[in-house]
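Grab a coffee and work through these exercises with the model open beside you. Try each task on your own before reading its solution.

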Amino acid sequence: MKQMLQKEFERVYGVSEEIQFFFAPGRVNLIGEHTDYNGGHVFPCALTIGTYAAVKRREDQKLRFYSMNFSQLGIIESSIDKLLNIKEDDWANYPKGVLKTLIDEGFSVTSGFDVVYCGNIPNSSGLSSSASIEVLTAYFVSKIFDFSSKSLDMITTAKLCQKAENEFIGVNCGIMDQFAIAMGKKDHAIFLDTFDLSYEYAPIRLNDAKIVIACSNKKRGLGDSKYNERRSECEAALKKLKTVRNITSLGELTIEEFETVKDVIQDEVKCRRAKHAVYENQRTIQAVEALKKNDIKQFGKLMNESHQSLRDDYEVTGIELDTLVETAWNQSGVIGSRMTGAGFGGCTVSIVKSDCVEEFIKQVGIVYKEKIGYEANFYVVEVGGGPCNL
């Protein structure tokens, strides 16, 4: 990858002896969806696929961004003193947002740089290509401008990247994506309480099974989707619940407590949104306990229940994701399957017995193309670490 990046950097910007190379992973959330902005638990892991960058500092204030994934857009230029969200700048608004946030927080970015990005995460798939480029940008900026690791540790990196997406991009995402990518640990998932950012690493022991990602190839843009609408519906439900319970987030409620007070919400749709947030949080806690006991069967059952809730109560799946998951449930060797990410397109995650993976991909692919009219892509993935120098 370094050789390919160097060759492309030299083609785009000219030959240089001072290029530095970096990587940040993508992530998949095994269970715990739409809980992160509701003060609940999530259980994501970093992947071995992700985003790469080749970077060279400049002497002036100019910034030049180029992505091999969006080569048709060419070089996108900006400058340190003019970091604005410009629609025509497309994907480059993500690294620009991170830069502006770092500068606003007092980090010393003293000059511009030229950068080439290359990702092997499917774009708009729900595997966090946007958070990957955000964390990658923060990481390499901290390295090329010699920030102290104490002043920009990886948890702070995750928080600032979330802030950039919330305030600069305008997507009210939770902390999970950026946290999972910044804090990734090989062969471990992260059991994260998004309310207070307490976390623990849990080993992923799948024995004779594999994690299989299916990309629906239905593109979605979070800023244009109903993501923000779902968040506001949960906030409205929480406001009602606060009139009868001393809570600050939906994640504080047990299932029993929610069932006791849910009628105060009154609006049936908002009640179902809140129900998902509460039930999904408890499912995530139960799933991690099952994994600790090496009960993969129970873990898979909870994955399936998660998808059903996202389909029926949260309504973020759609025919593409439902087709992938419901077809997966009918295949031999499938331990569990669910949509992952924000929904409205993107990916599913399945745990499949190793000797059934090839047939699983074949059969789910056939059914999906027949029903949807175009192909899904499949990735057998491994659990990787966090951002690094190459």
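**Exercise 1.** Is Ile-213 buried or exposed? Work that out, then place the residue in its strand and relate it to Leu-321.

*Solution.* A quick reminder before we start: this is a predicted model.
- Step 1: Check the relative accessible area, which is 0% for Ile-213. Buried means under 20%, so Ile-213 is buried.
- Step 2: Find its element. Ile-213 sits in strand 9.
- Step 3: Jump along the chain. Leu-321 is 108 residues away from Ile-213 in sequence, yet their C-alpha atoms are 12 Å apart in space.

**Exercise 2.** Do the same for Ala-209, with Ile-335 as its partner.

*Solution.*
- Step 1: Ala-209 belongs to strand 9, which runs over residues 209–215.
- Step 2: Its relative accessible area is 7%, so Ala-209 counts as buried.
- Step 3: Now look across to Ile-335: 126 residues separate the two in sequence, and 8.6 Å separates their C-alpha atoms.
- Step 4: Keep Ile-335 in mind, as it turns up among the members of a 31-residue core.

**Exercise 3.** Compare two loop residues, Tyr-37 and Arg-205, by burial and by distance to a far-off partner.

*Solution.*
- Step 1: Tyr-37 lies in the loop that links strand 1 (20–29) with strand 2 (41–42). With 12% relative accessibility, Tyr-37 is buried.
- Step 2: Arg-205 lies in the loop between strand 8 (198–203) and strand 9. Its relative accessibility is 46%, so Arg-205 is partly exposed.
- Step 3: Take the partners. From Tyr-37 to Gln-298 it's 261 residues along the chain and 26 Å between C-alpha atoms. From Arg-205 to Ile-372 it's 167 residues in sequence and 34 Å in space, C-alpha to C-alpha.

**Exercise 4.** Describe the largest cavity: how much space does it hold, and which residues line it?

*Solution.*
- Step 1: Search the whole structure. One cavity of 30 Å³ or more comes up.
- Step 2: Read off the volume: the largest cavity holds about 40 Å³ of space.
- Step 3: List the lining. You'll find Leu-30, Ile-204, Leu-206, Ile-211, Leu-291, Phe-299 and Ile-351 around it.
- Step 4: Sort them by class. The lining has seven nonpolar residues, with no polar and no charged ones.

**Exercise 5.** How many aromatic pairs does the structure have, and what is the geometry of Tyr-368 and Tyr-374?

*Solution.*
- Step 1: The count over the whole structure is 18 aromatic pairs.
- Step 2: Take Tyr-368 and Tyr-374. Their ring centres are 6.1 Å apart and their planes make an angle of 80 degrees.
- Step 3: Planes over 60 degrees apart count as edge-to-face, so that's the label for this pair.
- Step 4: Check accessibility for each partner. Tyr-368 is buried at 0%, whereas Tyr-374 is partly exposed at 32%.
- Step 5: While you're looking at rings, find the aromatic cluster formed by Phe-22, Phe-65, Phe-70, Trp-91, Phe-113, Tyr-117, Tyr-139 and Phe-140. Then go to Tyr-279, where Lys-275 lies over the ring face at 5.2 Å from the ring centre.

**Exercise 6.** Which residues touch the most other members of the largest nonpolar core?

*Solution.*
- Step 1: The core has 45 residues, and the ones touching the most other members are Phe-65, Phe-113, Tyr-117, Phe-140 and Val-141.
- Step 2: Ask where the core's members come from. Helix 3 (residues 129–144) gives the largest share, nine residues.
- Step 3: Look for a separate core. There's another one of 31 residues, including Leu-47, Ile-296, Met-303 and Ile-335.

**Exercise 7.** Work through the backbone of Asp-90 and Asp-146: what is phi at each?

*Solution.*
- Step 1: Asp-90 isn't a glycine, but it has a positive phi of about 50 degrees. Phi of Asp-146, also a residue other than glycine, is near 55 degrees.
- Step 2: Locate them. Asp-90 is in the loop between strand 5 (76–79) and helix 2 (93–104). Asp-146 is in the loop between helix 3 and helix 4 (154–169).
- Step 3: Finish with accessibility. Asp-90 is partly exposed at 38%, and Asp-146 is exposed at 65%.

Terms used:
Residues numbered from 1 in each chain as written. Predicted model: local features only at pLDDT ≥ 70, side-chain atom pairs only at ≥ 80, totals over all residues. Heavy atoms only, no water. 1 Å grid on protein atoms, 1.4 Å probe; cavity = no way out; pocket = protein on both sides within 12 Å on 5 of 7 lines; lining within 4 Å. Points joined across faces, edges and corners; volume = space filled by probe spheres on them. Nonpolar A, V, L, I, M, F, W, Y, C, P; charged D, E, K, R; others polar. Phe/Tyr/Trp six-rings, centres within 6.5 Å; stacked < 30°, edge-to-face > 60°. Buried < 20%, exposed > 50% of the residue type's maximum accessible area, 1.4 Å probe, protein only. Lys NZ or Arg CZ within 6 Å of the ring centre and 35° of its normal. Core = buried A, V, L, I, M, F, W, Y, C linked by side-chain atoms within 4.5 Å. Helix = DSSP H or I, 4+ residues; strand = E, 2+ residues; numbered from the N terminus.
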